[in-house]
Amino acid sequence: MDLSTLMPQQRDIVTTLDRPLFVSAGAGSGKTFTLTRRILWALSPESGPFIQSLDQVLAITFTNKAANEMKERIGQIVDARGMWVCTIHSM
């Protein structure tokens, strides 16, 4: 997986898999993109793979829009069934 297009802070978020992370940034800053890449990185051979399948993922976002975008973006690359993506309110 090519990480060369990520900013250093995004790369740190994507590649830090040994603990949960809280990602906070302004609107339009790339949070959903970065979290999507983190999930895909965890599935990639370069990460180990850190996770074996998406049913091991729990992603909590603030808005329904972000949750739906995350599911859609990941679903364009891998089968996203089984992945747990929700809003903080629905959790």
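**The largest pocket and the helices around it**

In this predicted model, α2 gives the largest share of the lining of the largest pocket, with 6 residues. Helix α2 runs over 31-43, and along with β1 (58-61) and α3 (64-75) it is among the elements that each put at least two residues into that lining. The pocket itself holds about 980 Å³ of space. Its lining counts 32 residues, and those closest to the centre are Leu21, Leu35, Ala59, Ile60 and Thr61. Sorted by class, the lining comes out at 19 nonpolar, 8 polar and 5 charged residues.

Now for α2 on its own. Its 13 residues should span 18 Å at 1.5 Å a residue, and the end C-alpha atoms sit 19 Å apart, so the length agrees with expectation. The buried residues here are Thr32, Thr34, Thr36, Arg38, Ile39, Leu40, Trp41 and Ala42. What do they pack against? The partners of these buried α2 residues are α1 (8-15), β1 and α3.

Thr36 is a handy residue for looking at the α2 side of things. It sits in helix α2, and its relative accessibility is just 2%, which is why Thr36 counts as buried, the cut-off being under 20%. Leaving aside residues up to four places away in sequence, Thr36 touches Met70, Arg73 and Ile74. Two of these names, Met70 and Ile74, come up again in the list of buried residues of α3.

Helix α3 passes the same kind of length check. With 12 residues at 1.5 Å each, a span of 16 Å is expected, and its end C-alpha atoms are 16 Å apart, so the two agree. The buried residues of α3 are Ala66, Ala67, Met70 and Ile74. They take up an arc of only 100° around the axis, so they lie on the same side of α3. The general helix rule fits in here: an α-helix has 3.6 residues a turn, so residues three or four places apart point the same way.

Which residues sit on the face of α3 turned away from its buried side? That face carries the exposed residues Asn64, Lys65 and Glu72. On the buried side, the packing partners of α3 are α2, β1 and β2 (84-87). The packing of α2 and α3 can thus be read from either helix: the buried residues of α2 pack against α3, and the buried residues of α3 pack against α2. Strand β1 turns up as a partner of the buried residues of α2 and of those of α3, and β1 also supplies at least two residues of the pocket lining.

Conventions:
Residues are numbered from 1 along each chain as its sequence is written. This is a predicted model: local features need pLDDT of at least 70, side-chain atom pairs count only at pLDDT 80 or more; totals for chains, interfaces and linings use all residues. Side-chain values use heavy atoms; hydrogens and water are left out. On a 1 Å grid over the protein atoms alone, a cavity is a set of points where a 1.4 Å probe fits but cannot get out, and a pocket is an open set with protein on both sides within 12 Å along at least five of seven lines; lining residues have an atom within 4 Å of a point. Grid points are joined across faces, edges and corners, and a volume is the space filled by probe spheres set on the points. Helices (H or I, at least four residues) and strands (E, at least two) are DSSP runs, numbered from the N terminus. Ala, Val, Leu, Ile, Met, Phe, Trp, Tyr, Cys and Pro count as nonpolar, Asp, Glu, Lys and Arg as charged, and the others, Gly among them, as polar. Buried means under 20% relative accessible area, exposed over 50%, partly exposed in between (1.4 Å probe, protein chains only). Contact means heavy atoms within 4.5 Å. The expected span of a helix is 1.5 Å times one less than its number of residues. The arc is that of the directions from the helix axis to the C-beta atoms.
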